[in-house]
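Let us walk through this structure step by step. We start with a strand and its neighbours, then turn to a pocket.

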Amino acid sequence: MALRAPPGPEPGASASTSETEADDGPAPTAALDALFGRLARPYNPIEVAEALLGLSPKATRQLVGTIAATSVEADRLIAAMDTTIRSLATSMQTQVERCVGEIRGPVMWSETISARASTFGMDDLFMCATPSRAYDIVENRLLVAALHAVHDAATDAAVISAEGYDNEVLRTARRSGDVARRWLDHPSLSRVTRERPNGRAIKRVRAGKKHRTYEPALAMLERAGDPIDPVQLLPYCDQRTRAQHQVLLGILDELERRGMTLAPLRAEAGVLFTGPVQYLHARVLGDRARLSGILIGKLLIDVPDRLRERNRERAEAMLVERAPNRATQLVMARDDIVTAVDRAIELART
């Protein structure tokens, strides 16, 4: 099944404007690509998408979950399960079994004598070490983790009820989650320990004899660790958001050009930050109750509220109105980024 475009958020959840026109540049994802390259790994995809797009928490969770649950890796894992379940790796283990009138394995005489002593002379009672197949091994734990990744992603995709918002892609995500749940309830997998596979476990499975059997699960786990990319987020970025991303990237580059060492970007509570730089998406254009834009210490930097605004004085007045008690810097050209960094440094020194 091919990768599909993810569904949009519920009505009214979108940040800033309703426009989603494509940029005129040759690489509209260039800024997003660069910002993703600066992210600290591993990262929380829901937190990152919320900070970059300004969507509501529920819409962001639905978006990220749908992308993961309908990914080509999830489709491939689900499609291969009929074959995988018949080719599971197993190990042999022994368990003590109480046998009456028969012997099903090596007799454990110490346990047998103890058991007979408490049964009033049952001479045909034996405690045997019975061999059995064991499925709770590292390969199957990895498979279970991959199936849980699909199921959990589908659960996130269904965070907004079908009555509130629904489309075919969401229905596909829910179906994938249901199928993954059924496979997790299979007798061969139901008792397998659920745990997050570490690097050693993944390396062992890749080098194992049955690595081909578990390749779809490995691919799904890799996708679950990094489920989104700029191409998939771009449809949810209006032009003003894209412009803010370009300004943010320009500021980070300018600070590094001047010798500042910046840590990788992190996202928390809807804020993308590194060192003294923070990016707060407006979510709703014109909202005065929530500070939004790019912060460097005491300075608020932002693009015009109306991206096509050509009157600089009017755009600056609107920015000041949004942050009356804070120094502001409007960015309408590349040179404004240099000016903004100069002002931020000057304010930090004073």
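Which residue does Leu 299 stand opposite in strand 8? The answer is Ala 327. The model is predicted: local features need pLDDT of at least 70, side-chain atom pairs count only at pLDDT 80 or more, and totals for chains, interfaces and linings use all residues. Numbering runs from 1 along each chain as its sequence is written, and side-chain values use heavy atoms, without hydrogens and water.

Strand 7 covers residues 299-302. Strands here are DSSP runs (E, at least two residues), helices likewise (H or I, at least four), numbered from the N terminus. Leu 299 and Ile 301 point one way, Leu 300 and Asp 302 the other. All are buried, that is, under 20% relative accessible area (1.4 Å probe, protein chains only).

Strand 7 has a partner in strand 6 (residues 293-296). The two run antiparallel, joined by 3 bridges; strands pair if DSSP finds at least two bridges between them. Leu 295 has Leu 300 as its bridge partner. The hairpin has 2 residues between the strands, and Gly 297 takes a positive phi near 60°.

Strand 8 (residues 327-330) runs parallel to strand 7, with 4 bridges. Helix 12 (residues 312-322) completes a right-handed β-α-β unit with these two strands. Right-handed means that, with the strands pointing away from the viewer, the path from the first strand over the helix to the second runs clockwise.

Now the pocket. On a 1 Å grid over the protein atoms alone, a pocket is an open set of points where a 1.4 Å probe fits, with protein on both sides within 12 Å along at least five of seven lines. The largest has a volume of about 720 Å³, the space filled by probe spheres set on points joined across faces, edges and corners. Of its 27 lining residues (an atom within 4 Å of a point), the closest to the centre include Ala 149 and Arg 196.

Key: Buried < 20%, exposed > 50% of the residue type's maximum accessible area, 1.4 Å probe, protein only.
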